Amino acid sequence: MIPRPARAILLLSLIACGPAAASPDGGPALYAPGRYLVDGAATRVHFHVKALVGGYEGDFTQPEGMVMIDPTRPERADVDISFPVEKMTTGDASTDAMLKGDSFFDMAHFPTVRFTARDAPLAGSDGATIIPGELTMHGQTRAVALPVQLTGVTPDEAPGIATLHFTGSMTVERSDYGMGFGRPFVSDKVDLTIDAIFRRT
């Protein structure tokens, strides 16, 4: 947790670096308009699935994508982020091969997991903001609601560049995406925990 005085200094530095999006209540801005590329090395989505005995968990890593904040609509954003199924890992090679095979993700035909949102509200730091969007897995696209919280805004060394840190979580049913294999011995519900960092370009 950043101390309140330090956080105020960081926000003032960010505003000084470039034009900032006004907050809905007219208070200090948290975001500068522009393109924020996902930090693929620092961003991951952790998944957990219960099973009759134990369960499965692992991570989607090394994503590509961005958050785009247009100065003409500074309180909304477009989000597009994709995770390569190839980089999904559970720490066990045989489990990874099973999940990437045609009974589950079928990586050969559907190589990415993608989340998109258009004209989405900007997440704040005082609680979760619901981001309505679409999640695509296994060639199936479904509407989802992703609760997201902004946990950090940090100006970078280069003038005009900032780092945004978001966290969030949601639960999806894998059968909605054509991946119902193994039920009822493996739960249909998949818990996802998101930890994402974006850097302004």
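## Order of the elements

From the N terminus on, the elements run α-β-β-β-β-β-α-β-β-β-β-β. That comes to two helices and 10 strands. The model is a predicted one.

The protein has 201 residues, and buried residues make up 40% of them. Contacts often link distant parts of the sequence. Take the contacts between residues at least 6 apart in sequence: 55% of these join residues at least 24 apart.

## The largest cavity

How many cavities of 30 Å³ or more are there? The count comes to one. The largest cavity holds about 470 Å³ of space. Its lining consists of 30 residues. Val79, Ile81, Phe115, Leu146 and Ile194 lie nearest the centre of this cavity.

Many strands share in the lining. Strand 4 (64–69), strand 5 (76–84), strand 6, strand 7 (129–137), strand 8 (140–155), strand 9 (162–173) and strand 10 (189–200) each supply at least two residues. Strand 6 gives the most, with five residues. By class, the lining of the largest cavity divides into 26 nonpolar residues, three polar and one charged.

## The second largest pocket

The second largest pocket has a volume of about 260 Å³. It is lined by 18 residues. Those nearest its centre are Val49, Leu99, Phe104, Arg174 and Val190.

Which elements each supply at least two residues of this lining? They are strand 2 (44–50), strand 3 (55–61), helix 2 and strand 10. The lining of the second largest pocket has 16 nonpolar residues, one polar and one charged.

## The two sides of helix 2

Helix 2 spans residues 93–100. Its buried residues are Thr95, Asp96, Leu99 and Lys100. These residues cover an arc of only 125° around the axis, so they sit on the same side of helix 2. They pack against strand 2 and strand 3.

Turn to the other side of helix 2. There, Ala93, Ser94 and Ala97 are exposed. Leu99 has a further role in the picture: this buried residue of helix 2 is also one of those nearest the centre of the second largest pocket.

## The nonpolar core

The largest nonpolar core has 45 residues. Phe105, Phe115 and Leu135 touch the most other members of this core. Phe115 has already appeared, among the residues nearest the centre of the largest cavity.

What does Phe105 touch, if residues up to four places away in sequence are not counted? The list is Phe60, Val85, Met88, Leu99, Lys100, Phe110, Val113, Met137, His138 and Met179. Leu99 and Lys100 in that list are buried residues of helix 2.

## Loop residues

The loop between helix 2 and strand 6 (112–121) holds His109. Asp106 is in this loop too. Is His109 buried or exposed? His109 is exposed, because its relative accessible area is 58%, and the cut-off for exposed is over 50%. Asp106 is at 12% relative accessibility, so this residue counts as buried; the cut-off for buried is under 20%.

His138 lies in the loop between strand 7 and strand 8. At 14% relative accessibility, His138 counts as buried. His109 and His138 are 29 residues apart in sequence, yet their C-alpha atoms are 8.1 Å apart in space.

## Backbone exceptions

Most residues other than glycine have a negative phi, and most peptide bonds are trans. Some places here depart from that pattern. Phi of Asp106 is near 50°, a positive value. Phi of His138 is positive as well, near 55°.

There is also a cis peptide bond. It joins Arg183 and Pro184, with omega about 0°. Pro184 lies in the loop between strand 9 and strand 10.

## Gly168 in strand 9

Gly168 is in strand 9. Its relative accessible area is 12%, so Gly168 is buried. Which residues does Gly168 contact, leaving aside neighbours within four places in sequence? They are Pro147, Val148, Leu192, Thr193 and Ile194. Ile194 is also one of the residues nearest the centre of the largest cavity.

Gln149 is 19 residues from Gly168 along the chain. In space, 6.2 Å separates their C-alpha atoms.

Conventions. Residues numbered from 1 in each chain as written. Predicted model: local features only at pLDDT ≥ 70, side-chain atom pairs only at ≥ 80, totals over all residues. Heavy atoms only, no water. Helix = DSSP H or I, 4+ residues; strand = E, 2+ residues; numbered from the N terminus. Buried < 20%, exposed > 50% of the residue type's maximum accessible area, 1.4 Å probe, protein only. 1 Å grid on protein atoms, 1.4 Å probe; cavity = no way out; pocket = protein on both sides within 12 Å on 5 of 7 lines; lining within 4 Å. Points joined across faces, edges and corners; volume = space filled by probe spheres on them. Nonpolar A, V, L, I, M, F, W, Y, C, P; charged D, E, K, R; others polar. Core = buried A, V, L, I, M, F, W, Y, C linked by side-chain atoms within 4.5 Å. Contact = heavy atoms within 4.5 Å. Arc of directions from axis to C-beta.
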